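Hi,

Here is the structure I promised to pass on. Have a look at it first, and my notes follow underneath.

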Amino acid sequence: MMTHQHRPPPLLLLTTSSTFFYEKVKSVRASTARSLPTNAPSRPASTSLTELLVCTEDDVQRIIMSSPTKSCTLDPVPTYLLKESLHILLPYITAMVNTSLHEGHVPVTQKHAIITPLIKKSTLDTSVLKNYRPVSNSTFMSKVIERTVADRLLHYLHEHDLLPHRQLEYQRHHSTETAFLRVLSDIYAAADKQEVTLLGLLDLSAAFDCVDHDRLRRLCQSFGTGTALAWIESFLRGRTQQVAYAGSLSAAILLLCGMPQGSVLGPLLFLLYTAELFDIIAGTGLTSHSYADDTQLYISAPAPFAMTTRRS
């Protein structure tokens, strides 16, 4: 194996990676702390989700059986065993889920995660911490509750047409391919009119990890109140994590911002967090499309040679 691919000692990576991920987020947030606020109007709260409807046993069974059979070290029993014993455990699991929804509260035991650093590309130097992506692993039961809330929240957003139209994630019959084809079609249409297109690709650094909890709560007030909003706030607050490497765990760290990468509900909450981005872009004359945290901005204008031809 090549020298630059040498893996660092387990103890060294374990003791430094947790601090590195924390300091990275702290640095990104500090770089934008003095940015001027935008003048974009807040999204009007024309309707509001006040409570999360409780589940039936059939609902919970469907969610559990359709979930990947993956286990986390925090799980008291392997997921495959839970599924095999579901006919016995289903009433108790349903009661646990409904209690969380009814009270607008996520138990502390379901807000802890194990972070597994995964190399972003196989060709990158494994001794450099910035080449790792912190993937969050949480309990299977926490994901069951998240899927339940995500189903209800998505149904509400679709029913009232509250999802940003330029954000293609969670839009029915849309994908990353749809976003690519839309942008490419607009560029070709501009070229047919002898126009050139300037395209900018936005890549947010540590997008999920830098989400401000207070800001997200204020934005979620445009979509929900009551126990629904209380549940989202409880889901975000008081989260802790540990980094796992080579069979060892770092000390637990309390998260003051961000959403777990690899969580079920994280991408949907991030979508609500960035919903006002499209209101800001709309006032600039630019066209935009997004899929998750990837955004494309573009504008078309007459090509210089075309303008010369028209004058002559």
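Let me start with a cross-strand pair: H289 sits opposite Q296, a residue of β8. Before you read too much into any of this, keep in mind that the model is predicted.

That pair belongs to a hairpin. Strand β7 covers residues 287-291, strand β8 covers 294-302, and five bridges hold the two together in the antiparallel sense. Two residues lie between the strands, and A292 has a positive phi there, near 60 degrees.

What else does β8 pair with? Strand β3, also antiparallel, through nine bridges. In that pairing, L202 faces T295 of β8. Put together, you get an open sheet of three strands in the order β3-β8-β7, with antiparallel pairing. Its edges are β3 (195-203) and β7, each of which pairs on one side only. On average, neighbouring strands in this sheet are turned by 20 degrees against each other, ignoring direction. As a general reminder, the strands of a sheet pair through backbone hydrogen bonds, parallel or antiparallel.

Next, a residue that touches this region from a helix. D186 is part of α6, which spans residues 176-192. Which residues does D186 contact, once its neighbours within four places in sequence are set aside? They are T287, H289 and Y298, so H289 turns up again here, the residue that stands opposite Q296. For D186 and Y298, the C-alpha atoms are 9.3 Å apart, although 112 residues separate the two in sequence. Is D186 buried, partly exposed or exposed? Its relative accessible area is 25%, and because that falls between the 20% limit for buried and the 50% limit for exposed, D186 counts as partly exposed.

Elsewhere, there is a nonpolar patch on the surface. V77, Y80 and L81 make it up, and together they have about 260 Å² of accessible area. V77 is found in the loop that links α2 (57-66) with α3 (79-84). With a relative accessible area of 35%, V77 is partly exposed.

Finally, the overall numbers:

- The protein has eleven helices and eight strands.
- It has 312 residues, and 40% of them count as buried.
- Its accessible surface is about 17,500 Å², with 59% of that belonging to carbon and sulfur atoms.
- Of the contacts between residues at least 6 apart in sequence, 74% join residues at least 24 apart. The D186 and Y298 pair, 112 residues apart, is one of the contacts made by D186.

Cheers

Technical notes. Residues are numbered from 1 along each chain as its sequence is written. This is a predicted model: local features need pLDDT of at least 70, side-chain atom pairs count only at pLDDT 80 or more; totals for chains, interfaces and linings use all residues. Side-chain values use heavy atoms; hydrogens and water are left out. Two strands pair if DSSP finds at least two bridges between them. Helices (H or I, at least four residues) and strands (E, at least two) are DSSP runs, numbered from the N terminus. Axes are lines fitted to C-alpha atoms, for helices over the stretch in contact, and angles run from 0 to 180 degrees between N-to-C directions. Patches are made of residues with over 30% relative accessible area and no salt bridge: like charges are joined within 9 Å, nonpolar side chains (Val, Leu, Ile, Met, Phe, Trp, Tyr) within 5 Å. Accessible areas come from the Shrake-Rupley method with a 1.4 Å probe; for residues, only the protein chains shown count as cover. A salt bridge is a side-chain nitrogen of Lys or Arg within 4 Å of a carboxyl oxygen of Asp or Glu. Buried means under 20% relative accessible area, exposed over 50%, partly exposed in between (1.4 Å probe, protein chains only). Contact means heavy atoms within 4.5 Å.
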